[in-house]
Amino acid sequence: MSGGHDCLAITEDDITKMLAATTHIGSDNSETTMEQYIFKKKTDGINIINIKKTWEKLLLAARAIAAVENPQDVFVVATRPTTQRAVLKFARYVGCSSIAGRFTPGAFTNQIQAAFREPRLLLITDPRADHQPVTEGSYANIPIIAFANIDSPSKFVDIAIPCNNKSPQSIGLMWWMLAREVLRLRGSISRDLPWEIMPDLFFYRDPEEAEKEERERAEAAAESQMVAKAADFQAPAKEEWGADEAVTDWAADGQPAAAAAAAPAAAPAAIAAPGAAPAAFQVTEDWAAQTETTTDWSAEAPAPAAPAANTWGGSSQW
């Protein structure tokens with residue numbers, strides 16, 4: 001289908017992306033209708049998908065999507081968690097409607113319920129996992145485009161794109177390529193320039209791994225800020241007081257000055273009271289040699305005073 005047009009031929013870059021995302025790796029089992037897309041079978045039983053036929057069916061699906069006048073009439077459905085991110089991104093860039101998560105039974109057949117829809121084209125990720133929208137689409141005569149593996153059932157599927165739909169990287173890359181081809185056919189982007197949207201946006205990301213990456217990124221940013229602050233910090237210059245240089249022995253510091261100040265103060269005290277008794281407690285520098293004169297505290301106590309006479313006029317003789 002794409003052999004006669006050079007602009008529609010697959011490029012080496014696209015082949016490299018497919019091989020890196022393991023798009024060509026099929027399953028062990030195979031359906032009868034999907035055996036035509038098998039390139040060869042490995043010794044361990046793994047079927048290899050023909051990438052050329054994958055690209056041709058991808059272009060056919062892109063032409064069918066671009067032919068719909070109203071993009072909102074195209075519905076993309078994904079029930080598996082690993083494909084919901086790719087479906088939402090595809091719906092955003094192409095402009096179609098998306099159903100990510102649980103598919104409500106009767107959405108295409110029951111006209112009474114509020115979630116009733118009438119799509120003109122239906123895209124699914126896995127015919128086996130999305131069997132409910134495939135069955136209801138067959139009741140409403142809706143054309144179905146599906147990313148099918150070698151062992152996927154092709155019943156009620158109009159355009160089957162053979163690829164590895166079990167790998168998150170592979171199915172994300174296929175949705176990215178399909179969105180790019182649709183935009184190229186519409187004329188929104190040029191074939192000469194690469195699409196600025198990266199395929200990584202279509203890949204499934206584990207929430208725990210995403211939180212771990214965010215935490216590590218925040219810790220690295222905080223650490224870099226601390227290093228920058230430490231590099232900008234300058235210690236203040238040391239203040240020179242001058243007195244620190246003169247003092248060499250801190251244990252003897254202040255003793256001569258204290259003795260000189262005590263001598264003049266003791267002389268007037270001796271003159272004022274020549275007959276005073278010697279001090280009972282002497283202060284010396286040797287704390288072990290300090291002795292305290294024992295005194296009789298009971299003898300020093302004053303005699304009790306006589307009781308005061310009653311002056312209130314009464315008699316004390318009873």
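Two residues count as being in contact when heavy atoms of theirs lie within 4.5 Å. Keep that in mind for the views below, which all come from a predicted model.

**View 1. Getting your bearings: the whole protein has nine helices and seven strands.** The protein has 318 residues, and 32% of them are buried. Now take the contacts in the protein with a separation of 6 or more: 58% of these involve residues 24 or more positions apart. The close-ups that follow pick out a few spots in this fold.

**View 2. Helix 3 runs alongside helix 5.** How far apart are the axes of helix 3 and helix 5? They are 9 Å apart, and the two helices pack at an angle of about 10°. Angles under 35 degrees count as roughly parallel, so helix 3 and helix 5 are roughly parallel to each other. On the helix 3 side, look for Thr82, Thr83, Ala86, Val87, Phe90, Tyr93 and Val94. They meet a set of helix 5 residues that includes Pro168, Ile171, Gly172, Trp175 and Leu178, and also Ala179, Val182, Leu183 and Arg186. Sort the residues of this contact by class and you get twelve nonpolar, three polar and one charged.

**View 3. Helix 1 also packs against helix 5.** Here helix 1 covers residues 12-20 and helix 5 covers residues 168-186. Their axes come within 10 Å and cross at roughly 155°. Anything over 145 degrees counts as roughly antiparallel, which is why helix 1 is described as roughly antiparallel to helix 5. Asp14, Lys17 and Met18 are the helix 1 residues to find. Across from them, helix 5 brings in Leu173, Trp176, Met177 and Arg180. By class, this contact has four nonpolar, no polar and three charged residues.

**View 4. Four aromatic residues gather in one cluster.** Zoom in on Tyr93, Trp176, Trp195 and Phe202, which make up one aromatic cluster. You have already met two of these names: Tyr93 takes part in the helix 3 contact with helix 5, and Trp176 is one of the helix 5 residues that meet helix 1. Across the structure there are six aromatic pairs.

**View 5. Five strands line up in an open sheet.** In which order do the strands of the open sheet sit? The order is 4-3-5-6-7, and the pairing is parallel. The edges belong to strand 4 (97-100) and strand 7 (159-162), each of which pairs on one side only. From one strand to the next, the twist averages 20°. Strand 6 (residues 144-148) is joined to strand 7 over four bridges, in the parallel sense. One spot to check is Ala148, which stands opposite Pro162 in strand 7. Helix 2 (residues 51-66) packs on this sheet and touches strand 3 (74-78), strand 5 (121-124), strand 6 and strand 7. The direction of helix 2 makes about 140° with that of strand 7.

**View 6. Strand 7 has buried residues pointing both ways.** Ile159 and Ile161 point one way from the strand, while Ala160 and Pro162 point the other way. All of them are buried. Two of these residues, Ala160 and Pro162, are also touched by Tyr37.

**View 7. Tyr37 sits in a loop, yet it is buried.** Find this residue between helix 1 and strand 1 (38-41). Tyr37 has 9% relative accessibility, so it counts as buried. Leaving aside neighbours within four places in sequence, its contacts include Ile48, Ile49, Asn50, Lys53 and Lys57. Ile49 is twelve residues away along the chain, with 5.9 Å between its C-alpha atom and that of Tyr37.

**View 8. Arg80 occupies the loop between strand 3 and helix 3 (81-94).** Not counting residues up to four places away in sequence, Arg80 touches Thr125, Asp126, Ala129, Asn165 and Lys166. Along the chain, Arg80 and Arg102 are 22 residues apart, and their C-alpha atoms are separated by 8.6 Å.

**View 9. Two loop residues have a positive phi.** Most residues other than glycine have a negative phi. Asn141, in the loop between helix 4 (131-139) and strand 6, has a phi near 55°. Phe156, in the loop between strand 6 and strand 7, has a phi of about 65°. Are they buried or exposed? Asn141 is exposed, with a relative accessible area of 69%, whereas Phe156 counts as partly exposed at 41% relative accessibility.

Technical notes. Residues numbered from 1 in each chain as written. Predicted model: local features only at pLDDT ≥ 70, side-chain atom pairs only at ≥ 80, totals over all residues. Heavy atoms only, no water. Phe/Tyr/Trp six-rings, centres within 6.5 Å; stacked < 30°, edge-to-face > 60°. Axes fitted to C-alpha atoms, helices over the stretch in contact; angles between N-to-C directions. Parallel < 35°, antiparallel > 145°, perpendicular 65-115°, else oblique. Nonpolar A, V, L, I, M, F, W, Y, C, P; charged D, E, K, R; others polar. Pairing = 2+ DSSP bridges. Buried < 20%, exposed > 50% of the residue type's maximum accessible area, 1.4 Å probe, protein only.
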